[in-house]
Amino acid sequence: MSSRLNNNPFERRQVMKVNQEKSRPLPPWMSRMRAQWVEETVSETVKADNCLFGVIIGPGGSTRKELQVKYNIRVLVPRKGSKDEPIIVEGKDKTLVKDAVLRIKALIAEEKERRRVTTPVSQTLCIPKALHGKVIGLKGQNIRPVTQALKIKIKFPNKNDNSDEVTLTGLPDQVDQGISRLLNLVTRFPPCRA
């Protein structure tokens with residue numbers, strides 16, 4: 001097959017054109033612009049979890065475009081699935097690059113806090129087994145107002161289980177309030193003697 005390629009002058013010209021296109025030098029004005037951009041560009045990186053890249057990009061790329069226009073910079077966000085690659089912020093003005101980095105860090109911090117507050121958590125509290133019935137109350141009269149007001153779930157161990165662990169599940173702030181209310185209920189009852 002290679003002998004056929006060498007014998008056909010048309011195919012040989014195509015191969016030579018392809019090789020010429022790859023090695024063609026850049027025009028002088030373009031190489032000057034590239035050199036100028038590299039010399040004058042200030043670059044900073046921002047580390048963030050891969051799952052937070054979407055906050056920087058925004059719906060349809062709107063947040064990234066807004067940052068680029070407002071601060072006159074370029075924001076390079078790694079592809080989805082890349083590991084340990086930082087967000088790169090480039091621009092010609094060092095102050096604008098720093099301001100953009102601060103804004104990006106603020107967006108990331110806001111999203112982390114939003115996720116922390118809106119993600120349900122479970123916490124375990126130790127209440128002596130002998131007090132479980134008193135804390136729950138007759139048909140749940142003591143515990144029901146806590147679960148309904150705070151919109152949390154409280155799980156006591158089964159009667160046959162000798163565990164003291166009570167699990168509260170819900171949003172972080174509500175779970176914290178639930179723990180303090182349960183502790184208040186526990187302190188209302190005298191300690192049991194074994």
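Strand 2, residues 73-76, has two unlike faces in this predicted model: Ile73 and Val75 make up the covered face, while Arg74 and Leu76 make up the uncovered one. The strand does not stand alone, as four bridges join strand 2 to strand 3. Strand 3 covers residues 87-91, and the two strands run antiparallel. One residue of the covered face of strand 2, Ile73, has Gly91 of strand 3 as its bridge partner.

A second place to look is helix 6, which spans residues 94-118 and contains Glu111. Is Glu111 buried or exposed? Glu111 has a relative accessible area of 12%, and it counts as buried because this value is under the cut-off of 20%. Leaving aside residues up to four places away in sequence, Glu111 touches Leu52 and Val55.

The elements named so far are listed below.

| Element | Residues |
|---|---|
| Strand 2 | residues 73-76 |
| Strand 3 | residues 87-91 |
| Helix 6 | residues 94-118 |

These elements belong to a chain with nine helices and six strands in its secondary structure. The chain has 194 residues, and 27% of them count as buried; Glu111 is one of the buried residues. The surface that the chain exposes comes to about 14,200 Å², of which carbon and sulfur atoms supply 53%.

How much of the contacts in the chain with a separation of 6 or more comes from residues 24 or more positions apart? Such residues account for 64% of these contacts.

Key:
Residues are numbered from 1 along each chain as its sequence is written. This is a predicted model: local features need pLDDT of at least 70, side-chain atom pairs count only at pLDDT 80 or more; totals for chains, interfaces and linings use all residues. Side-chain values use heavy atoms; hydrogens and water are left out. Buried means under 20% relative accessible area, exposed over 50%, partly exposed in between (1.4 Å probe, protein chains only). Contact means heavy atoms within 4.5 Å. Accessible areas come from the Shrake-Rupley method with a 1.4 Å probe; for residues, only the protein chains shown count as cover. Two strands pair if DSSP finds at least two bridges between them.
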